[in-house]
Amino acid sequence: MESVNAAATMPALAAGRPTFASVAEAELDAVHAYLLFLTGDRSVAEDVAGETFEKAFRLWRRFDPRRGTARAWLCSIARSAALDHLRAEERRRRRELRYARETRTVDEPSWGDGAAAAALRKLAPADREVVALRVVLELDGPTTARILGISRTACSTRLSRALQRLEELMTDGDV
Amino acid sequence: MATFEAELARELRALPIDAPDELRERVRALGEPNPRRRIPRVAWRRATLVLVPACVSVLLAAAVVHGIVSSHATKHTSASASVVEAGHPASGAGGATRTNPSDSLAPSVSVFGEANKTFAPLPTPNRHQDYQADLRVRVDDLDALGRRTAQAMQIVRSLGGYVASVSQSSANGQPGEADLVLRVPVAHVDDALIRLSALGTVLEQHVSIVDLENTVTQQRRQVRALKLQILRLTAALGQPLPADVRLRLQFQLDDARRNLAAATGASRATLREAALSRVALSLTTERPAAATHDRGRVGAAVSDAFHFLAGAGAIALAALIVLVPIALLILLVWWGIRAFRRRAADRLLAAS
């Protein structure tokens with residue numbers, strides 16, 4: 001996870017417009033972590049991360065470092081791709097109405113067997129998403145709010161609620 | 001809470017969340033995007049700061065050019081019309097012309113009143129022409145009406161003409177009117193028109209010129225022919241002739257003499273008509289319906305420019321009236337779709 005934190009203060013990003021390859025190398029772990037928290041599924045996160053970088057590759061000329069960091073820009077693309085994926089999944093589940101919920105299983109544990117991992121499994125994707133952006137990726141409040149498409153206040157409230165829920169789940173003996 | 005957050009962050013980052021090597025290789029394989037042609041980015045604030053003043057400047061320049069061109073075109077049209085009318089009498093036989101200053105020159109200027117200037121057609125010297133002019137002149141009040149009527153009669157007499165008829169009327173609440181029919185020697189008609197138009201403000205004028213040269217020539221030819229016929233008949237009657245022949249020639253001579261008298265009378269009447277012009281002068285005290293004033297070229301240009309700007313403003317306003325509801329509708333639809341998608345995404349992510 002060192003690469004995730006180091007990328008946030010990458011000198012190349014601050015110096016000007018970096019190359020796509022350097023940004024992809026630096027931000028891949030962060031984007032993957034974010035998608036993993038958002039989807040709760042390692043294989044889905046991997047697919048969507050790949051899709052995210054392909055899309056970013058196509059849209060690279062639109063990236064403007066003056067308007068935000070590469071991490072925030074990639075997370076916006078990742079969120080859009082993840083939502084598209086989730087919508088498609090939702091439609092698929094509706095089509096397979098009778099046994100969709102039963103067949104929807106996670107192929108492999110996403111976060112391991114620790115208390116934090118078990119608590120994350122119980123969190124809603126929206127809560128996991130804000131925790132990932134603010135705590136794991138260390139994005140600031142305004143950037144996170146912009147990625148989520150909500151106000152700063154709503155973002156702060158959502159984070160506070162998610163952390164409180166996470167704390168409850170981790171300290172709860174049932175976890 | 002801060003301690004918990006720090007501990008939580010450490011724990012969460014310790015989770016196996018790094019990207020797998022397969023994904024890393026897949027992303028590396030993308031490489032670097034081809035550098036595309038650099039399209040200059042439009043800075044909207046800067047562009048607005050430049051474009052808005054530029055558009056306003058272009059609009060103002062267009063208005064000024066339109067005003068100048070329009071006023072120049074109007075002046076040119078008026079001037080050329082006057083020239084054409086004034087030069088017409090030199091045309092061939094049977095030609096007639098009429099002028100009306102209210103048609104060609106919008107302001108009611110005294111066309112004849114300007115010193116030594118006349119914009120009306122004048123009779124051609126050395127040609128016989130029937131010259132008729134109608135002149136309507138406004139005077140200040142009823143007292144002036146009487147004085148100007150007398151002055152008009154005096155002017156005509158001083159030029160060797162006479163007053164064919166005069167009628168003057170005035171009633172309470174009605175404008176005073178004086179109608180004069182004046183006969184003025186053609187040689188002095190221009191002088192007469194200038195002096196008559198100086199009696200007040202010319203409201204209207206009509207000039208009619210009918211060339212009589214052909215008529216006079218034909219009448220003279222007829223008179224000469226009749227005289228020649230009479231001479232021949234008289235000479236024949238001086239010879240010894242049979243009684244019946246003498247009687248027939250005598251009848252022919254009498255007819256020729258009657259025809260000669262008629263032709264001579266007609267010729268004299270034509271010459272008299274050509275020698276004296278007929279000027280119908282109407283003096284009135286009526287006020288103009290709408291006061292007009294000479295704005296001058298600059299005033300006309302400014303007015304035209306303002307009309308241009310008003311037209312452009314009207315078009316812009318109409319476009320705004322049509323486009324604003326459409327833009328609002330599009331904005332509303334866009335906002336609705338965005339809100340719907342956001343709520344749908346929230347519902348989707350809220351499901352645990």
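Read chain A along its sequence and you get α-α-α-α-α-α-α-α-α-α. In this predicted model, chain A has ten helices and zero strands. Of its 175 residues, 39% count as buried. Now look at contacts in chain A between residues at least 6 apart in sequence: 70% of them join residues at least 24 apart.

Let's zoom in on one helix pair. Two packed helices are described by the angle between their axes and the distance between the axes. For helix H4 (residues 42-58) of chain A and helix H5 (residues 70-95) of chain A, the axes come within 9 Å and cross at roughly 125°. That angle makes H4(A) oblique to H5(A), and the crossing is right-handed.

Who meets whom here? On the H4(A) side you'll find A:Val44, A:Val48, A:Ala49, A:Glu51, A:Thr52, A:Lys55 and A:Ala56, and they meet A:Leu74, A:Ile77, A:Ala78, A:Ala81, A:Ala82 and A:His85 in H5(A). The table sorts this contact by residue class, next to the side of chain B that touches chain A.

| Set of residues | Nonpolar | Polar | Charged |
|---|---|---|---|
| Contact of H4(A) with H5(A) | nine residues | two residues | two residues |
| Side of chain B that touches chain A | 18 residues | two residues | ten residues |

So what about the two chains together? Their contact takes 37 residues from chain A and 30 residues from chain B. On the chain B side, helix H1 (2-14), helix H2 (21-28) and helix H9 (296-350) each supply at least two residues. Which helix gives the most to that side? It's H1(B), with seven residues.

How values were computed:
Residues numbered from 1 in each chain as written. Chains lettered and ligands numbered in written order. Predicted model: local features only at pLDDT ≥ 70, side-chain atom pairs only at ≥ 80, totals over all residues. Contact = placed C-beta atoms within 7 Å. Helix = DSSP H or I, 4+ residues; strand = E, 2+ residues; numbered from the N terminus. Nonpolar A, V, L, I, M, F, W, Y, C, P; charged D, E, K, R; others polar. Axes fitted to C-alpha atoms, helices over the stretch in contact; angles between N-to-C directions. Parallel < 35°, antiparallel > 145°, perpendicular 65-115°, else oblique. Left-handed = near helix turned anticlockwise from the far one by under 90°. Buried ≥ 20, exposed ≤ 12 C-beta atoms within 10 Å, placed from the backbone.
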